[in-house]
Amino acid sequence: MIKLVEQVRRDFAEDSPLATDLPGYSRRDEQIQLSEEIATAFDAGDVLLAEAETGTGKTLAYLIPALRSTKKILISTHTRALQDQLVHRDLPTVQKVLGAKRRVALLKGRSNYLCPQRMSRFIATPQLEIWAKKSMLAVLEWSEKSKDGDLAALPFDVFAKGIGHMVTATGDQCLGSQCGDFEHCPLMKARQKAQSADIVVTNHSLLLADASLKAGEFGELLPDFDAYVLDEAHALPELACQHFGVQLTRMKFIQWLNDMQALLDQVGDEPALKKDVTADGKTVLDAYLKTPLDELEHAWADMLVLAESRRERSEDFAKLADRADQIAKEIDMVMQPADGYVGWSDGEGDMRKHTVAPVETGPVLREHLWDRKAAFILSSATLRVSGRFDYAKDRLGLQDVVEVFHPSPFDYAKQAMIYLPRHMPDPFSEAGIEAMINEIETLIRASHGRAFVLFTSWKMLNRVGPELRNRLSWNVLVQGESGSRDAILETFREDTHSILCGTRSFWEGVDVPGEALSLVIIDKMPFTPPNDPLLKARIKKCEEAGGRGFSDIQLPEAIAVLRQGTGRLIRSMEDRGVMALLDSRLYGKAYGPEVARNLPAAPIRDDLSEVRWFFEDSET
């Protein structure tokens, strides 16, 4: 039998079907080398940490060994866009060219699939309001024709319509094989397909949910795999904070109460219990608004007694009792975080949220992921800081790994310019904000729109975005005001001279090659606010161990995020553009040279006239 790495070499040969028949294919030595390294890791069961800069072609580099391997493989991505691209475009195309017969399944999170049981229950409840009933009936009509129950096929977002919790089930709401709709459940059908597939494509959130919750009798969703390809692996630590921690919101209590009321409406013979749940539920929701949480703890304890009193009546009541017990444990965790965890609260009134997260994500990722007997490929365009993997390895909890780096084929010296002005005032002062708005306006006029303006905070976005809309004649799209993330991107791509103003979600996973994006502006270095509770806890632990909070945590984290933002600019060999970072502190702070070393290898300029010349030269 041919070794996997040998087969990969044959597939990348100059006279191979890949080279002659794959649309848009061009030979890239770095891509071939990376693909061979991945094939070697598959066979050896290694953990491979691979930074492949933009343009390397890492997607094809891991698809070839995945399609040629005989192992069961999971491919996990951070963004839905890449997940859909893999399943609906890349995998079928490459599979056809290679003639590889591998069964592929797409597996999304629970919230993407219709729950027929919950839809039936809520659509029949007398409490369903008129505004929700119309959308619910539309879902019902669609469900009768849908083959897979994937809610993405609906012409509207069920969560945006306010009915998401009525037509989907969380892990603690799902009845599994005890559900009357089990045989027709879209989620169960997707699971079954994944069980028998050779390659399963999913996302990091689902992978981490599977690792942390193991909810229900089926685990979470995922079977065991021989190899895991984790693309966009830089996002794992932040997601791990969410999945290995606790988020307590008022909505969690409201959803439990709604589910209990809907079940009581369905059984119809518990008027006394329904009255008690309504009364105690009001007490719980009132107590949630108060601090400390002692009153909430006591009020929920009373509700837990009611839930436990009906546990034996049916599987539905047992599930609600289990959920009530889990919420009680989360209240305890918020009131007294466990060792290694930190808790904080933010928001006001109904929107107040209590969060508990692990101070370090490395230990939990190591325990729940890396200890599995499987090969792991962690790839991203931005895993290194200052040429080293140390910071990523620490955050990911990786120790004995194979490290590889593959540079971008783009000629940044010719294709791009970096603008770092020296004259910008303090970015936190009123004068600094006004100067920044003026600078952004001038830059956008030089590029004739075609710009991303990326902000490090919602506060700055909300201050600057509307002002740019008033000053400029081009279409200014502002995150939070101009539609969903996908809708904004689609409009930006179609309207060549438009401007997109966004926060962190637009710093990564966004691919806009061509003329539509010729300028990326970043307001300032993306340092996490120093009062962030999780950051403070990480710094404290670092310094107790003899480290330095700023140089070991704050600066590497900011550089990693900055590299993601600057990576939006050049996406193809034909792209040209300017990246502007409006933070003159880089000239006066000791960390400035290190930040500059992590920017793309383009000429750095501090004169606006050179930016104008760059764009004028691009148009000639």
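Let me start with Lys-536, which touches Pro-530 and Asn-531 once residues up to four places away in sequence are set aside. This lysine belongs to helix 22. Is Lys-536 buried or exposed, or something in between? Its relative accessibility is 47%, so Lys-536 counts as partly exposed. For a sense of scale, consider Lys-134, which is 402 residues from Lys-536 along the chain. The C-alpha atoms of Lys-536 and Lys-134 are separated by 47 Å. I should say at this point that the model before you is a predicted one.

Helix 22 brings me to the second largest pocket. Helix 22, spanning 533-544, supplies at least two residues of the lining of that pocket, as do helix 16 (362-370), helix 17 and helix 23 (549-566). Which helix gives the largest share of this lining? That is helix 23, with six residues. In total, 27 residues line the second largest pocket, and its volume is about 570 Å³. The residues nearest the centre of the pocket are Asp-390, Tyr-391, Asp-394, Asp-552 and Ile-553.

Let me stay with helix 17, which covers residues 390-396 and includes Arg-395. Arg-395 is buried, yet it has no salt bridge. Why does Glu-557, the nearest side chain of opposite charge, not count as a partner? Glu-557 is 4.1 Å away from Arg-395, and a salt bridge requires the nitrogen and the carboxyl oxygen to lie within 4 Å, so this pair is not counted. The two residues are nevertheless in contact. Leaving aside neighbours within four places in sequence, Arg-395 also contacts Pro-237, Thr-361, Gly-362, Leu-365 and Arg-538.

I turn now to the salt bridges that are formed. How many does the whole structure contain? The search finds 43. I shall present three pairs and one network.

The first pair I have chosen is Arg-384 with Glu-51, whose closest N and O atoms are 3.1 Å apart. This salt bridge links distant parts of the chain, since its partners are 333 residues apart. Glu-51 sits in strand 1, residues 47-52, while Arg-384 is in the loop between strand 9 (375-380) and helix 17. Both Arg-384 and Glu-51 are buried.

The next pair is Asp-259 with Arg-118, where the closest N and O atoms are 2.8 Å apart. Here, too, distant parts of the chain are linked: Asp-259 lies in helix 12 (residues 250-267) and Arg-118 in helix 6, with their positions 141 residues apart. Asp-259 and Arg-118 are both buried.

The remaining pair is Asp-269 with Arg-313, at 2.9 Å between the closest N and O atoms. Asp-269 is in the loop between helix 12 and helix 13 (271-288), and Arg-313 is in the loop between helix 14 (294-309) and helix 15 (315-335), 44 residues apart. Are these two residues buried or exposed? Asp-269, with a relative accessible area of 45%, is partly exposed. Arg-313 has a relative accessibility of 38% and therefore also counts as partly exposed.

As for the network, Glu-434, Glu-441, Arg-445, Glu-467 and Arg-471 are joined into one by salt bridges that share partners.

My next topic is enclosed space. Four cavities of 30 Å³ or more are found in the whole structure. The largest cavity holds about 180 Å³ of space. Its lining consists of 19 residues, and those nearest its centre are Cys-115, Ala-169, Cys-174, Cys-185 and Leu-187. Two elements give two or more residues to this lining, namely helix 6 (116-123) and helix 9 (186-196). Helix 6 provides the largest share, three residues.

Cysteines appear in that lining, which leads to my last topic. How many disulfides does the model contain? The count is zero. For Cys-115, the nearest cysteine sulfur is that of Cys-179, 6.0 Å away. A disulfide requires the two sulfur atoms to be within 2.5 Å, so Cys-115 is in none. With 13% relative accessibility, Cys-115 counts as buried. Cys-241 is likewise in no disulfide, and the nearest cysteine sulfur, belonging to Cys-542, is 16 Å away. Cys-241 is also counted as buried, because its relative accessibility is 11% and the limit for buried is under 20%.

Note on methods. Residues are numbered from 1 along each chain as its sequence is written. This is a predicted model: local features need pLDDT of at least 70, side-chain atom pairs count only at pLDDT 80 or more; totals for chains, interfaces and linings use all residues. Side-chain values use heavy atoms; hydrogens and water are left out. Buried means under 20% relative accessible area, exposed over 50%, partly exposed in between (1.4 Å probe, protein chains only). Helices (H or I, at least four residues) and strands (E, at least two) are DSSP runs, numbered from the N terminus. Lys and Arg count as positive and Asp and Glu as negative; His and the chain ends are not counted. Contact means heavy atoms within 4.5 Å. On a 1 Å grid over the protein atoms alone, a cavity is a set of points where a 1.4 Å probe fits but cannot get out, and a pocket is an open set with protein on both sides within 12 Å along at least five of seven lines; lining residues have an atom within 4 Å of a point. Grid points are joined across faces, edges and corners, and a volume is the space filled by probe spheres set on the points.
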